[in-house]
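Visitor: I would like to see how the labels on a model are earned. Please take me through the reasoning, step by step.

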Amino acid sequence: MKSINVLLIAALMFMGSCLLAQENTKSPKHPKQPKKIHVVQDADSSDTIVEIPDIDIPEIHIPEIKVSIEKEKKILDELGPRLKKEMEKIKKLNKMKYNKLLMDNQFRSFEFPLFGKRSKEDSERLKKITELEIETEGLGLEYQKAEKAERGKIKSDLQAKLSDLFELREDNRKEEVKDLEDRLSELKQTLDERRKNKDKIISNRLDDLTGEDDNTEW
């Protein structure tokens, strides 16, 4: 009985040593080698052929730009019931275009002190541009979802509104150019005046830096 136990233990030890040896003889994993670019000379011509291997480009996720819920509500309320309803339709059909229209509307509401306060005419024009951009986006999405028989009417309406929108946008650009030209003229005038008063400007700055500016008051 004792000899049987000894033989059993010896057999188990032998099997264990075989398994360990097998584990140790496994070939180590080598790191993936980077794909190389091969340059080959074409045998039929003097052209050099560059063979570029396929590269796995990961998908890039671009986050969706949104305005805050409070700002969204404010913009929609300012648009009025008719355009608000149109925006809700666009939101259901294309969320990205909806968010872009919100961002555009938010940008147009800003005042730029550099160009002065907007005139009533400018404000009315921007308001009309906003309305037409919402309406044309809505008609475009409606056209894509419409039956073939309905598309003719929608396309005709869309073309007419795009024509109006184009004229308004061009008028807006003309005003922007005029504002820039006026601003440029002012800057040129300021530049000429500073050039004429160069010595005085330098003298004032020199007194300021050296602390010799006489601020004596009566």
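Guide: What follows is a set of short questions and answers on this predicted model.

Visitor: What makes up the chain, and in what order?

Guide: There are seven helices and two strands. From the N terminus the elements run α-β-β-α-α-α-α-α-α.

Visitor: How much of the chain counts as buried?

Guide: Of 218 residues, 17% count as buried. The accessible surface is about 19,100 Å². Carbon and sulfur atoms own 57% of that surface.

Visitor: What share of the contacts joins residues 24 or more positions apart?

Guide: That share is 56%, taken over contacts with a separation of 6 or more.

Visitor: Why is α2 called roughly perpendicular to α4?

Guide: Helix α2, residues 69-79, packs on helix α4, residues 95-108, at about 80°. The window for roughly perpendicular is 65 to 115 degrees. The angle of about 80° falls in that window, so α2 is roughly perpendicular to α4. Their axes are 11 Å apart.

Visitor: Which residues meet there, and what classes do they fall into?

Guide: From α2 come Lys71, Glu72, Ile75, Leu76 and Leu79. From α4 come Tyr98, Leu102, Asn105 and Gln106. By class, the contact of α2 with α4 has five nonpolar, two polar and two charged residues.

Visitor: Why are α3 and α4 called oblique?

Guide: The axes of α3, residues 81-93, and α4 cross at roughly 140°. Roughly antiparallel needs an angle over 145, and roughly perpendicular stops at 115. The crossing of roughly 140° meets neither condition, so α3 and α4 are oblique to each other. These axes come within 6 Å.

Visitor: What makes up the contact of α3 with α4?

Guide: Met87, Ile90, Lys91 and Leu93 in α3 meet Lys95, Lys97, Tyr98, Leu101 and Leu102 in α4. The classes are six nonpolar, no polar and three charged.

Visitor: Why does Asn105 count as buried?

Guide: Asn105 has 14% relative accessibility. Buried means under 20%, so Asn105 qualifies. This residue lies in helix α4. Leaving aside residues up to four places away in sequence, Asn105 touches Ile75, Leu79 and Thr130.

Visitor: Is Ser123 buried, exposed or partly exposed, and how do you know?

Guide: Ser123 stands at 35% relative accessibility. Buried is under 20% and exposed is over 50%. The value lies in between, so Ser123 is partly exposed. Ser123 belongs to helix α5. Ser123 and Arg108 are 15 residues apart in sequence, and their C-alpha atoms are 9.3 Å apart.

Visitor: How do you know that the length of α6 agrees with its residue count?

Guide: Helix α6, residues 148-196, has 49 residues. At 1.5 Å a residue, α6 should span 72 Å. Its end C-alpha atoms are 71 Å apart, so the two agree.

Visitor: Which residues of α6 are buried, and what do they pack against?

Guide: They are Ile154, Leu158, Leu165, Leu168 and Asn172. These buried residues pack against α5, residues 120-145.

Visitor: Why might positions three or four places apart point the same way?

Guide: An α-helix has 3.6 residues a turn, so residues at that spacing point the same way.

Visitor: What is the span of α7, and what comes just after?

Guide: Helix α7, residues 198-210, has 13 residues. From first C-alpha to last, α7 reaches 18 Å, close to the 18 Å expected. Just after α7, Gly211 takes a positive phi of about 75°.

Conventions: Residues numbered from 1 in each chain as written. Predicted model: local features only at pLDDT ≥ 70, side-chain atom pairs only at ≥ 80, totals over all residues. Heavy atoms only, no water. Axes fitted to C-alpha atoms, helices over the stretch in contact; angles between N-to-C directions. Helix = DSSP H or I, 4+ residues; strand = E, 2+ residues; numbered from the N terminus. Parallel < 35°, antiparallel > 145°, perpendicular 65-115°, else oblique. Contact = heavy atoms within 4.5 Å. Nonpolar A, V, L, I, M, F, W, Y, C, P; charged D, E, K, R; others polar. Expected span 1.5 Å × (residues − 1). Buried < 20%, exposed > 50% of the residue type's maximum accessible area, 1.4 Å probe, protein only. Areas by Shrake-Rupley, 256 points an atom, 1.4 Å probe, with all protein chains shown as cover.
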